[in-house]
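This briefing concerns the structure shown below. Its topics are the charged contacts, the helix packing, the surface and the overall fold.

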Amino acid sequence: MDDLIIYLGAYLIGSIPVGYLLMKNFKKIFLKRKGDGNVGLALVWKEAGASWGLLLFALDFLKGALVVLAAHRISPEDSPDMVLAGFLALLGDEY
């Protein structure tokens, strides 16, 4: 059961659209209406500048690190859980 919680939580945390939320709340830029509609790093960098792009990179990195650390706390002896949690966070971030 712990594995299921790790995997589902990793995917859900990874799927949080940090770039969209950041731009909507702080810059009043609606990224879905700009460019190709992808709310990732490239569009944030293009629309808001390098500093916002680097902030988004750091926040997305922390999102992945949080997932791996949480997997380690829940299941410290199971390395594949940590790797799979990181992968699922990346997958959630992409889709």
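K63 is buried, because its relative accessible area of 9% falls under the 20% limit. In this predicted model, K63 takes part in a network of salt bridges together with D60 and D93. The structure holds 2 salt bridges.

**Salt bridges**

- The side chains of D93 and K63 form a salt bridge in which the closest N and O atoms are 3.2 Å apart. This pair links distant parts of the chain, since D93 belongs to helix α5 (residues 79-94) and K63 to helix α4, with their positions 30 residues apart.
- A salt bridge also joins D60 to K63, at 3.3 Å from N to O. Both D60 and K63 are in helix α4, 3 residues apart, which is about one turn of the helix.
- The two acidic partners are partly exposed: D60 has a relative accessible area of 24%, and D93 has a relative accessibility of 38%.

**Packing of α1 and α4**

- Helix α1 (residues 2-14) packs with α4 at an angle of about 170°, and the axes are 10 Å apart. Because this angle is over 145 degrees, the two helices count as roughly antiparallel.
- On the α1 side, the contact is made by D2, I6, A10, I13 and G14. The α4 side contributes K63, V67, A71 and I74.
- K63 thus appears both in the helix contact and in the salt-bridge network.

**Nonpolar surface patch**

- A nonpolar patch on the surface is formed by L41, W45, L54, L55, F57, L59, F61 and L62, with about 770 Å² of accessible area together.
- The elements giving two or more residues to the patch are α3 (41-48) and α4 (50-74). Helix α4 gives the most, with 6 residues.
- F61 lies in helix α4. F61 counts as exposed because its relative accessibility of 56% is over the 50% limit.

**Overall fold**

- The protein chain has 5 helices and 0 strands, in the order α-α-α-α-α along the sequence.
- Along its principal axes, the C-alpha trace spans about 45 × 20 × 20 Å.
- The chain has 95 residues, of which 29% are buried.
- Among contacts with a separation of 6 or more, 51% are between residues 24 or more positions apart.
- The accessible surface of the chain comes to about 6,300 Å², and 67% of this surface belongs to carbon and sulfur atoms.

How values were computed. Residues numbered from 1 in each chain as written. Predicted model: local features only at pLDDT ≥ 70, side-chain atom pairs only at ≥ 80, totals over all residues. Heavy atoms only, no water. Patch = residues over 30% accessible without salt bridge, like charges linked within 9 Å, V, L, I, M, F, W, Y side chains within 5 Å. Areas by Shrake-Rupley, 256 points an atom, 1.4 Å probe, with all protein chains shown as cover. Salt bridge = Lys/Arg side-chain N within 4 Å of Asp/Glu carboxyl O. Helix = DSSP H or I, 4+ residues; strand = E, 2+ residues; numbered from the N terminus. Buried < 20%, exposed > 50% of the residue type's maximum accessible area, 1.4 Å probe, protein only. Axes fitted to C-alpha atoms, helices over the stretch in contact; angles between N-to-C directions. Parallel < 35°, antiparallel > 145°, perpendicular 65-115°, else oblique. Contact = heavy atoms within 4.5 Å.
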